[in-house]
Amino acid sequence: MTSHVFISRSAEQTRDLGRALAAALRPDDVVTLTGDLGAGKTCLAQGVAAGLGVTEAVTSPTFNILLEHRGSLTLYHFDLYRLERADQLEDIAFWETLEAGGASLIEWGERFPGALPDDHLAVVITIEPDGSRKLVPEPRGPRAAGLLERWEHAAGWTGVGA
Ligand SMILES: Nc1ncnc2c1ncn2[C@@H]1O[C@H](COP(=O)(O)OP(=O)(O)OP(=O)(O)O)[C@@H](O)[C@H]1O
Ligand SMILES: [Mg+2]
């Protein structure tokens, strides 16, 4: 299966991609979001939350490390930007949380590659010269491959740049 690239031309389009991702998520799925400051990681997470029926505001968990939102699945929204060492992940029950039956989105997850579950969907977001965002999803196992397939389907995949 070849994986595709999503192009988003606005924050609203990124949130729509998040809604589509929400429709594809199953319990214990793990998605890492990597990209520059302001690339749109939290924006995508807001769309996921909306798609899961979360009604409260979804903000950046930069200072909290983990924010939890109740929806059709519980959304565990991590931001590891301020975490200094991998062993601090124990303090937030990182591994237990990933397996608690919800769906996890991990901003800056690639800072601690050894701490991530083998099978996760890695999404890299880059800001293009024209200001649009390129989202490159890379499945790191069979579970993530299935998730990506459902995400592309839910997003109404039509081709690069669509
Ligand atoms: N196509 C787009 N997709 C997402 N955000 C966009 C897009 N175009 C412009 N923006 C703007 O870029 C910003 C993205 O901010 P966001 O907080 O989602 O970034 P982030 O990747 O989570 O950054 P941080 O690393 O600081 O957590 C928002 O202000 C949003 O309005
Ligand atoms: Mg963020």
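This short talk walks through one predicted protein model with a bound ligand, from the overall layout to a central strand and a loop residue.

Before I start, residues are numbered from 1 along each chain as its sequence is written, while chains are lettered from A and ligands numbered from 1 in the order in which they are written. Since the model is predicted, local features need pLDDT of at least 70 and side-chain atom pairs count only at pLDDT 80 or more, whereas totals for chains, interfaces and linings use all residues.

Let me begin with the whole chain. The protein chain holds 4 helices and 7 strands, where helices (H or I, at least four residues) and strands (E, at least two) are DSSP runs numbered from the N terminus. Along the sequence these elements come in the pattern β-α-β-α-β-β-α-β-β-β-α. For 162 residues a compact globule would have a radius of gyration near 15 Å, and the 14 Å of this chain agrees with that; the radius is taken over C-alpha atoms, and the globule rule is 2.2 Å times the number of residues to the power 0.38. Of the 162 residues, 38% are buried, meaning that 20 or more other C-beta atoms, placed from the backbone, lie within 10 Å of the residue's own, while 12 or fewer would make it exposed and anything in between partly exposed.

Now to strand β4, residues 75-79. All 5 of its 5 residues are buried, so the strand is largely enclosed by the rest of the structure. In a regular strand the side chains alternate between the two faces of the sheet. Here both faces are covered, with L75, H77 and D79 buried on one side and Y76 and F78 buried on the other.

Which strands pair with β4? Pairing requires at least two bridges found by DSSP, and strand β3, residues 66-69, runs antiparallel to β4 with 4 bridges, one of which sets L66 against F78. A hairpin of 5 residues links β3 to β4. Strand β5, residues 103-107, pairs with β4 in the parallel sense over 5 bridges, and there S104 stands opposite Y76.

Next comes helix α2, residues 41-51, in which 10 of the 11 residues are buried. These buried residues pack against α1, β2, β3, β4, β5 and β6. One of them, V48, is in contact (C-beta atoms, placed from the backbone, within 7 Å) with G18, L21, A22, L75 and L105, leaving aside neighbours within four places in sequence. The largest nonpolar core, a set of buried Ala, Val, Leu, Ile, Met, Phe, Trp, Tyr and Cys residues joined through C-beta atoms within 7 Å, has 38 residues, and L21, V48, L75 and L105 have the most contacts inside it.

Helix α2 also brings us to ligand 1, which is surrounded by 18 residues, the closest being T14, G40, K41, T42 and C43; a residue counts as near when its C-beta atom, placed from the backbone, lies within 6 Å. The elements giving two or more residues to this shell are α1 and α2.

I will finish with V54, in the loop between α2 and β3. Is V54 buried or exposed? It is buried, with 20 other C-beta atoms within 10 Å. V54 touches A49, H69, R70, G71 and L75, not counting residues up to four places away in sequence, and its C-alpha lies 8.6 Å from that of L75, although the two are 21 residues apart in sequence.
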